[in-house]
Amino acid sequence: MLEVSVCVGSSCHLKGSYEIIKRFEAMIEAQSLEEWVVLKAAFCLGRCTDGVSVKVGEHFLEHVTPTNAEDMFLRHVTEECKK
Ligand code: FES
């Protein structure tokens with residue numbers, strides 16, 4: 001199971017965490033990844049200036065935005081599930 005944590009700390013929240021979570025949820029459903037990916041909300045990941053911070057397994061993604069959320073998901077989550 002691949003754990004994907006989206007920071008919902010105040011800095012990341014202001015940059016669109018909840019919109020990103022909604023888009024990730026839609027991607028998981030559209031790609032039927034429910035058995036492979038667990039999506040979680042996380043408190044501050046300590047990278048506020050790089051937010052919205054997202055952790056995929058042990059890797060951090062930075063500068064995730066509602067606009068690039070689908071692309072980031074495809075490149076970092078979908079690809080990871082195929083390995
Ligand atoms: S609030 Fe998101 S990394 Fe600090």
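In which loop is His63 found? The legends below take up that residue and several other parts of this predicted model.

**View 1. His63 in the loop between β4 and α3.** His63 belongs to the loop that joins strand β4 (59-61) to helix α3 (69-82). Its phi is positive, at about 60°, although His63 is not a glycine. Most residues other than glycine have a negative phi. With a relative accessible area of 45%, His63 is partly exposed, because that class lies between the 20% limit for buried residues and the 50% limit for exposed ones.

**View 2. Ser32 in the loop between α2 and β2.** Ser32 is found after helix α2 (17-30), in the loop that leads to strand β2. Here, too, a residue other than glycine has a positive phi, and for Ser32 the value is near 50°. The relative accessibility of Ser32 is 52%, and Ser32 therefore counts as exposed, since the limit for that class is over 50%.

**View 3. The open sheet of four strands.** The strands of this sheet follow the order β2-β1-β3-β4, and their pairing is mixed. Because β2 and β4 stand at the edges and have a single partner strand each, one side of each is left without a neighbour in the sheet. From one strand to the next, the twist averages 20°. In general, strands of a sheet pair through backbone hydrogen bonds, either parallel or antiparallel. Strand β1 (residues 2-7) pairs with β2 in the parallel sense, over six bridges, and within this pair Ser5 stands opposite Lys40 in β2.

**View 4. Helix α3 across the sheet.** Helix α3 lies across four strands, namely β1, β2, β3 and β4, and runs at about 170° to β1.

**View 5. The crossing of α2 and α3.** The axes of these two helices come within 9 Å and cross at roughly 50°, which means that α2 is oblique to α3. The crossing of α2 and α3 is right-handed. On the α2 side, Ile20, Arg23, Phe24, Met27 and Ile28 take part in the contact, and they meet Ala69, Glu70, Phe73 and Leu74 in α3. Sorted by class, the contact of α2 with α3 has seven nonpolar residues and two charged ones, with no polar residue.

**View 6. Gly9 in the loop between β1 and α1.** Gly9 is found where the chain passes from strand β1 to helix α1 (10-14), in the loop between them. Is Gly9 buried or exposed? With a relative accessible area of 11%, Gly9 is buried, because the limit for that class is under 20%. Leaving aside its neighbours within four places in sequence, Gly9 is in contact with Ala42 and Cys44. Although Gly9 and Ala42 are 33 residues apart in sequence, their C-alpha atoms are 7.4 Å apart in space.

**View 7. Gly46 in the loop between β2 and β3.** Gly46 is found in the loop that connects strand β2 (37-42) with strand β3 (54-56). Its relative accessible area is 62%, so Gly46 is exposed. Gly46 and Pro66 are 20 residues apart along the chain, and the separation of their C-alpha atoms is 20 Å.

Note on methods. Residues are numbered from 1 along each chain as its sequence is written. This is a predicted model: local features need pLDDT of at least 70, side-chain atom pairs count only at pLDDT 80 or more; totals for chains, interfaces and linings use all residues. Side-chain values use heavy atoms; hydrogens and water are left out. Buried means under 20% relative accessible area, exposed over 50%, partly exposed in between (1.4 Å probe, protein chains only). Two strands pair if DSSP finds at least two bridges between them. Axes are lines fitted to C-alpha atoms, for helices over the stretch in contact, and angles run from 0 to 180 degrees between N-to-C directions. Contact means heavy atoms within 4.5 Å. Angles under 35 degrees count as roughly parallel, over 145 as roughly antiparallel, 65 to 115 as roughly perpendicular and the rest as oblique. A crossing is left-handed if the near helix is turned anticlockwise from the far one by less than a right angle, and right-handed if clockwise. Ala, Val, Leu, Ile, Met, Phe, Trp, Tyr, Cys and Pro count as nonpolar, Asp, Glu, Lys and Arg as charged, and the others, Gly among them, as polar.
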